[in-house]
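Let's take a friendly walk through this assembly, from the way two of its chains meet to a pair of helices within one chain. Please have a look at the model first.

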Amino acid sequence: MNQKGLFKKRKPPLGSVPGSLNIDEKAPFPEIRLIEFDGDYLREEIIENLDELKSIVFERGKVHWVDVQGLGDETLIRKLGDIFSLHPLALEDVTNVPQIPKVDEYENCVFLCLPMLRMDDSSLVTEQVSVFVGETFVLTFQERYGDVLDPVRKRIRRNAQIRNLSNDYTAYAIVDTIVDNYFPVLQELGNELENLEDELMEKVAREKLKELYVLKHRLAHLKRLLWPTRDAIGRISRDESKYFGDQISLYFRDVYDHVMQSIDMLDLSRDLASELMNLYLSSTSNRMNEIMKVLTVISTIFIPLSFIAGLYGMNFHYMPELSVKWAYPAVLIAMAIVVLIMLFFIHKRGWFRK
Amino acid sequence: MNQKGLFKKRKPPLGSVPGSLNIDEKAPFPEIRLIEFDGDYLREEIIENLDELKSIVFERGKVHWVDVQGLGDETLIRKLGDIFSLHPLALEDVTNVPQIPKVDEYENCVFLCLPMLRMDDSSLVTEQVSVFVGETFVLTFQERYGDVLDPVRKRIRRNAQIRNLSNDYTAYAIVDTIVDNYFPVLQELGNELENLEDELMEKVAREKLKELYVLKHRLAHLKRLLWPTRDAIGRISRDESKYFGDQISLYFRDVYDHVMQSIDMLDLSRDLASELMNLYLSSTSNRMNEIMKVLTVISTIFIPLSFIAGLYGMNFHYMPELSVKWAYPAVLIAMAIVVLIMLFFIHKRGWFRK
Amino acid sequence: MNQKGLFKKRKPPLGSVPGSLNIDEKAPFPEIRLIEFDGDYLREEIIENLDELKSIVFERGKVHWVDVQGLGDETLIRKLGDIFSLHPLALEDVTNVPQIPKVDEYENCVFLCLPMLRMDDSSLVTEQVSVFVGETFVLTFQERYGDVLDPVRKRIRRNAQIRNLSNDYTAYAIVDTIVDNYFPVLQELGNELENLEDELMEKVAREKLKELYVLKHRLAHLKRLLWPTRDAIGRISRDESKYFGDQISLYFRDVYDHVMQSIDMLDLSRDLASELMNLYLSSTSNRMNEIMKVLTVISTIFIPLSFIAGLYGMNFHYMPELSVKWAYPAVLIAMAIVVLIMLFFIHKRGWFRK
Amino acid sequence: MNQKGLFKKRKPPLGSVPGSLNIDEKAPFPEIRLIEFDGDYLREEIIENLDELKSIVFERGKVHWVDVQGLGDETLIRKLGDIFSLHPLALEDVTNVPQIPKVDEYENCVFLCLPMLRMDDSSLVTEQVSVFVGETFVLTFQERYGDVLDPVRKRIRRNAQIRNLSNDYTAYAIVDTIVDNYFPVLQELGNELENLEDELMEKVAREKLKELYVLKHRLAHLKRLLWPTRDAIGRISRDESKYFGDQISLYFRDVYDHVMQSIDMLDLSRDLASELMNLYLSSTSNRMNEIMKVLTVISTIFIPLSFIAGLYGMNFHYMPELSVKWAYPAVLIAMAIVVLIMLFFIHKRGWFRK
Amino acid sequence: MNQKGLFKKRKPPLGSVPGSLNIDEKAPFPEIRLIEFDGDYLREEIIENLDELKSIVFERGKVHWVDVQGLGDETLIRKLGDIFSLHPLALEDVTNVPQIPKVDEYENCVFLCLPMLRMDDSSLVTEQVSVFVGETFVLTFQERYGDVLDPVRKRIRRNAQIRNLSNDYTAYAIVDTIVDNYFPVLQELGNELENLEDELMEKVAREKLKELYVLKHRLAHLKRLLWPTRDAIGRISRDESKYFGDQISLYFRDVYDHVMQSIDMLDLSRDLASELMNLYLSSTSNRMNEIMKVLTVISTIFIPLSFIAGLYGMNFHYMPELSVKWAYPAVLIAMAIVVLIMLFFIHKRGWFRK
C-alpha cells in the first residue's frame, strides 16, 4: 500500500544531448491508430507502415487523429517525430515521463501534457498523455494500452455532428474525457477518507493512522498533478493560439471549471485528512487520560487501605489494640470510611463524568 | 450530524457529449413562474405551456422574471434552453449541481451561479441558484421548491418604484436576497461555536471534540462556497457587461461588501474553531497533569509507609526491636515524620498550587 | 472577559429594500455639532433644527464639519442623508454597524468607514466612525457620544493655521486622530501579553491559558479591523479623488505608515501569543515529565524493598533463614544494597539532572 | 534576557499637530559632523554653529555629508529641518523612532529610514538611521553616538576615487555599510541557535526551551525589520529617482542582494528554530516514554510477586501448604517463573530496545 | 552528520570598497581551460599565460569557453576580470560565495550564478558555479576542481553539430548539465527519506528522529537554493537578452521545466518529511498508551488482591474468620472473582483490542 518509487523518474544519462529519449525497457510496443474523418467520411485503421501516414495526415479539410499507445520503440517514436516535425524537446517530454503537466507552443503545433488518473485495486495509477494539436492533425501518446479515450472514438463513430467540427474540437473532446476521469478517482479517495473517519471516530487504531498517512501522501501527490494541469488548461482557454479557434476557448473554459472542481474536491479531502490527524491525536490523548484515571482511582483507594492492613500485620509484641476485641471490626469500618472519603474526593474532581 | 456525501456530485456518464444534462431522479418537477412588469403593469402567472413563453419574454420595455423551481424534467429544461438560446455548457451547469460559484458571459446573456445556504434542523443545506440575465429577461433556476426569493416577489408586487427599474436591478434584488441569507446561517454556526467554547472551557469531553470537528468541516465547506461567490460578484461589480448598467454596479459593490462580511464572519469562526482545538488539547494535557499529581502524591506518601509496615511484619526470630515496648509508638511517630517530609517535599515543588 | 456577541450584527430584515436602516433601539439620540470656519472665522454650534443646516454647509470658501454622535433616530438620519444627498447604500453602511472598514467614492462625496478602538476596563471596545468628505463639508457619524475627536476640535479652536487649510485637511486631522488612538490600545494588549508571558514562564496555570486564549481572540479580531483600514487609507493616499488635493496625499501616506505600524505591533503580539501557546504546551509536557520522574523514582526504590519484606512475612513453617540470628541485619543490608543499585541506575539515566 | 519593551514606541501626545517631534529625555545631545569633498578637496569638521551650514551644503560640485549623532535637542533638529527644508512629516519620522524601514520621495530630497543592528553582550540592539539624499548633500541621523559609519569616513579620507564620485554614491556607501552590519548579527544569532541545537540534542532542559523561545522572538523581530528594508532598497534600485543616477542603481541592486542574503539567513534560522521546538517536544515525549517504561517494568515484575508473598503472609489457621516442607522453595521457584514470564512478555513487546 | 556552518559566509571585512574579493585561504589555485571551436575547428588548452587569452576570446565566429576551476588566487581572478571587462560587483559575487542564485545583465555580458549539488558520502555538498555569457565567450568559474562539466566537453569534442551552434547554446549546455545534476541528489535524499519512513513505521527510535531532523534541514536548505535558481532561469527563458537568441529560449524553457521538476520532487520530500514527523509523534503517543495500559491492567488486577491478602495478614487476636476451616479457600475464590470482575471491566473498555 505504500506509495514507493515516488522519487524515480526516467531520465537519460547525465550530459546527454537535449532531446535524448529514454525508453523504459518494459514499455509496451507502440500501437498506432488513425481516425480520419470529416462530416461525410470516416476511416479507422491500425497503422503498421509509418510512411503512408505522412501522405495522409497533412491533408486539409479532414481531421486526423493519430493515437499512439505504448512508448516501447525508440526508432518508431523518432520516426513519428520526423513525420510530424515535432521539436526534439517535446519528443523528449513524451518519453521521459512523468513530466509536470504543461502546455508548450511550438512552431507547427501545440504540445499538451496531462496526467491520466486511475484507481487500480485501491492503488492510484497515474499515466501521462501527450497531445499534439497541429493544423490538420491531433497526435496523442499514451504510456500504456488503454481504453480511456474510447468514449471519444465512439462519439466520432456515432455522431456525424462532431465529425463536422474541426481539429481543435477533437482535441477538446480528448482533454475533456481525460479530465472527467479525475472525478471517480477523487470520489473513491474521498470515500476511503470518510470510511477512515468513521473508523477513527469509533476506536483508536494504529493501522488506521498509517492508512491515513498513506492517503494524505496520495492527496499531496495528486495536488502536484492537478495544479499545473489547471494552469495548462487555463492558458489554452485564455490564449489565442492559432491552433485553437475562438469558439473552442468557451469549451476549454468549461474543462477548466471541471479541473477547478477536481481541485476543490481534492482540497476538501486534504483538509479533512488534516483534521482527522488532529482528531486522532486528541483521541489518543483522551484515551490516555481515561487509562490514567482508572489507574489513579484504583491506586488512590487501595494503597492507603493496604497500608492500614500492613500496619496491623506488624509483629511488635506490644501493640495493645491487637488484643482489643472490637479492634478488627473497627479497623474494617475505618477502612470503609477511607474508601468513602476517597470516592467523595474523586467524585468532586469530576473523574466519573465521561 | 456527520456531513456525509461531500464527495458526491451529479456528473453525466464519462465521455458524454459536452452539454449533457444529468438529472437526479429524485429532483422535483419544474414549476415555472413568470412575473412580467413595468412601472404600470404587473402580471404573475404559473406557466404550463412553454410555447407562449417565447412570445412574451423578449418584449422590450418590460422586465420578465422567469423563476424555475425544481430541475426534474430534462425535456422541459432543454426546451427552456432553446427558448432562451442558452449555451449547452451553461445549461449543463444548471443541472449538474453543485458547480463552483461563477459568472460566465455568453453572447446573449450573463450566467451567474450562486450557492443558497439554509440551516435545516442544525444541519447545513446548500442549494445552487442559477441566474441568467438577458436584455429583456431574468431567468432563475432553483434546485428545490422554496420561498427564499419571496421577498423579491413581494417587493415587486408592493412597490411600483422597483417596477420602474430595469432588468438588471431585478437581478440585483435576487442576488442581494440570496447573499443576505448567508448571515443567519453564519450566525447560527457562530453561536454553535460559542456554545461549544463555553462547554469546553468547563469540562473536557470527547463528544464535544467531535462536534467541533464536524463544525470545522462545515466551515471549510462554506469557505469553498463563499470565496468563489466573492470573485463572481466582484467581477460583476467591476466589469462593464452590457447586461448590467453603470448604475447597478454600485449596488453590486454593496452586495460584494456583504459577501466580504460573510467571509469575515466565516474566517473569524474558523480562527475561533482552530483556537478551540488548541485549547482543548492543552486542557487535556492539563487534566492529565492533575491526575498524575494525585497518583504521585498518594504513591509518594503511602508506598514508603507500607514498606516500613512490611518490614516489621517480617517473621525473623531475632528482631530485637519487636520486643521493645515503645517500638510500636516509635515506628508510628517515624511514619508520621516520613509523611511530613514527603508533604514538605511535595509542597516545595508547588504541586498543591492549582 | 469572554468576547461574546462577535457574531451579532445589525441587519435589516431579510428582503428589505436596499438602503434600509436598522437602528438599534438602545442607540443614543443623535447630537449634531457644527464647526464652521475659515482662517478668520470660527463658529461652533449644537444644531437643533436641521433645516438651517442646508443653507450653511454648501457655502464655498469655508470648512463645515458636522459631527453626529449617536445613531438613535432614523428620521433624523434620513433627513441628514437628504440634506447632504448621501447615497442610500452609504447611509445604510452608517447605521448597520459594524461594516468592514472601506472607502467608497460617490458622485458628490467620498465615504470612509473606520473603526475606533478603546480599552474599557481591560475589555476591548470597537466603534465605527463614518466620514463623508464633500467639496464644502466633512460629515462624521459616531455610534456613541465620545470625546475622541476633541483634540481635533481644540486644534481648530486654537490654531488659525489649520483653519486656513481646506476641507480635506480637516478630514485628514480626523482620520489621523482616530488612527493614533490605535497605539495605546495595542500597547495595552502588548503589555497584557508580556505580563502573561512572565506568569507563564514561572508556573503552569490553567486560567492563564484561558486568558491567553481570550487575548489571541482579540488580536484576531483587531487584525480583521486593521487590515481593511490599511487598504482604505492606502487607497486615499494613492488615488486622486477630486475631494482630496495632491498636498494631502502626502499626509495620508503618513497615516498609512501609522496604520502599518499598528499592524506591525499587532503581528508581533500575535506571534508572541502563538509562541506563548507553544511554550505553555511544552511546559505542561515538562511538568508531566517531572511528576512522572518522582513517581517512578519512589516506586522503583520501594516496590522491590516491599517485596523483600513481604517475602519474609510469609508464614511457611519451614523457612530456615528465619531462625538464623544474623538474617535480619543481613536482609536490612541487602535492602540497602538494592536501594544503592536503584539510585545508581537512576543517576546513570540522568533523572536527577534538572 | 527577556526582550521587554517591544511594545513601547515614542509617540507625541494624541491629537498633536502632525509633524510633532517627540524627543526622548535620555537621548544624547546631537553632534554634527560635516564632511565636504570632491576629487581634490576634503574637509572634515564638527559643526557647532548651524548657520554656517546653510551657506555650505548647497554648493554644487561638491559632496556634503552631514552626519548627526544623537537626537536629544528638539530646537537643533528643527533648525536642521529648516536649513535643509525637510518636510515636517519626515522630520517626525526621524525622531519618533522606531519607524518601519521605508523610502519616501519628497520634493527636494529622498528620505530613507533603515535599521542598524548590533549585538551588545548577547542582547540585540536596534537603532534607526535616517538618510536624506538631496542634490548636493547627504544628511544622516543616528539615534546614538556610534562608529558604524567610520569605515565610510575612512574610505573617503583614504581614497580619492570615491571622492570623485557623486552624492548618490556616498549615500550608497552609507547604506551598504549599514546593511553589511546585518551579517555579523545574523551569524551570531545563527551560532547561538546551533549551540542550542547541540545542547537540546543531548539533554532535555527547560531553561533551554526558554532560551529558544527568546531567540525565536528575536528572529521574528528581525524579520519585521528586514522585510521592509528589502522593499525600501528594492524601490531605490528600480525607481528612477532624480537623486539617484542610472549608474548607482546597479550598486543598489547589489545592496538589495545583500539584504536578500540576510533575509535568507534569517529564514534559515527561523526554520531551524521551529524545527528545534518540534524536536524538543518529541524529545520530551520520548523521555516520558522511557520513564514510563521503567515504572511499568518494575511494577509489572514486583507487584505480582508481592501479591504471592502477601498471600502466604495471611494468618488463616487452616492453610495446609504452610506446613508442607518444600512449599517455601516451591513458592520461590514459582516467583522466579513469574519473573521469567514477565521478562519474556516485556521482551516480546520490544521495550528493551532503545 | 550535522549540517554545521550554515551561517558562515565569506564576506570581505566591513566597510570594504564594493567589489572587494574575499578569497578563502584553502581555496585551490585556479586552473584555466580554454575550449575554442566552431563547426570545423576545435582547440582545447590549459591556459598558463593569461595575456594570450585576451587576443583569443574576442574573435568573432568562434565559441570560446573559458572554464576556471578553483578561486584561490586573487591577482589572477582580478586579471581575468580585467580581460573580460567584468563589473567589480559581479567579480565580487564570483569569489564571495555562496551567493543567492541569480541572473544579472551587465553591459557586455550576462552573469549567471547557480548552485551545483553533489552527494558526498551521504553528506550534501553545494558549490557555486558562475557563468558569464558574452558575445564571443562563455566564462565559467567553479569553486573546486571537478568533472561535472565533462559531459559538455565530451559532447563538444564528439559532436560537430553542437560546434556549429553559437555561444548561447554552449551556455545552455552548461546550465542544463548543472541542473540535470540536481536529480540524483534529490533522488538520494528521497530514498533516504523512504528508508526512514520504513524504519519509523516499524519502531519508534530517537536516533531516527534526529536523522529526520537533519534531513528536513537539508531539504529546507535546498529549497533556498532551488527557488531562486528557478527564478533566474525563468528570467533567461522569458527575457530577450541580446546574448541569448530567440531559438535558445525554447531550450531554457526546457531547463526551467527541469528545475520545476526538481522543486516538485523537493516539495514532495518536504511534505513527506513533515508527515513523518507527525507520524512519529502520534506513534510515540500510541506507544505511551500501550505502556500505560499494561501498567494499569497489572495494577488494577493485583493491587486489590494484595489488599485482601494484607487484610488477613493482620495480627488482631479476634478475627473469627481466621479460624474457620474453609475461610482460606473462600478467600482464594473471592480473589479469583475479583480478578474476573476486573478482567471483564477491562475487556469492556476495549483495552485488549489493539
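What follows covers the relation of two copies, their contact, and one helix pair. Please keep in mind that this is a predicted model.

**How the copies are related**

A turn of 72° and a shift of 0.0 Å along the axis lay chain E on chain A, with an RMSD of 0.1 Å. The two copies are therefore related as by a five-fold rotation axis. In chain E, the C-alpha nearest that axis belongs to Gly313(E), at 4.5 Å.

**Where chain E touches chain A**

The contact draws 56 residues from chain E and 47 residues from chain A. On the side of chain E, the elements giving two or more residues are α4 (150-158), α6 (167-180), α7 (182-202) and α9. Of these, α9(E) supplies the largest share, 31 residues. Only 14% of the interface residues of chain E are also interface residues in chain A, so the copies meet through different surfaces.

**A helix pair inside chain E**

Helix α9 (residues 246-311) of chain E also has a partner in its own chain: its axis and that of α10 (residues 327-348) come within 10 Å and cross at roughly 155°. Because of that angle, α9(E) is roughly antiparallel to α10(E). Their crossing is right-handed. Among the residues that meet are Val297(E), Ile301(E) and Leu305(E) from α9(E), and Val331(E), Met335(E) and Met342(E) from α10(E).

Here is the make-up of both contacts:

| Contact residues | Nonpolar | Polar | Charged |
|---|---|---|---|
| α9(E) with α10(E) | 12 nonpolar | 1 polar | no charged |
| Side of chain E that touches chain A | 23 nonpolar | 20 polar | 13 charged |

How values were computed. Residues are numbered from 1 along each chain as its sequence is written. Chains are lettered from A and ligands numbered from 1 in the order in which they are written. This is a predicted model: local features need pLDDT of at least 70, side-chain atom pairs count only at pLDDT 80 or more; totals for chains, interfaces and linings use all residues. Axes are lines fitted to C-alpha atoms, for helices over the stretch in contact, and angles run from 0 to 180 degrees between N-to-C directions. Helices (H or I, at least four residues) and strands (E, at least two) are DSSP runs, numbered from the N terminus. Angles under 35 degrees count as roughly parallel, over 145 as roughly antiparallel, 65 to 115 as roughly perpendicular and the rest as oblique. A crossing is left-handed if the near helix is turned anticlockwise from the far one by less than a right angle, and right-handed if clockwise. Two residues are in contact if their C-beta atoms, placed from the backbone, lie within 7 Å. Ala, Val, Leu, Ile, Met, Phe, Trp, Tyr, Cys and Pro count as nonpolar, Asp, Glu, Lys and Arg as charged, and the others, Gly among them, as polar. Copies are superposed by least squares on the C-alpha atoms of residues with pLDDT of at least 70 in both.
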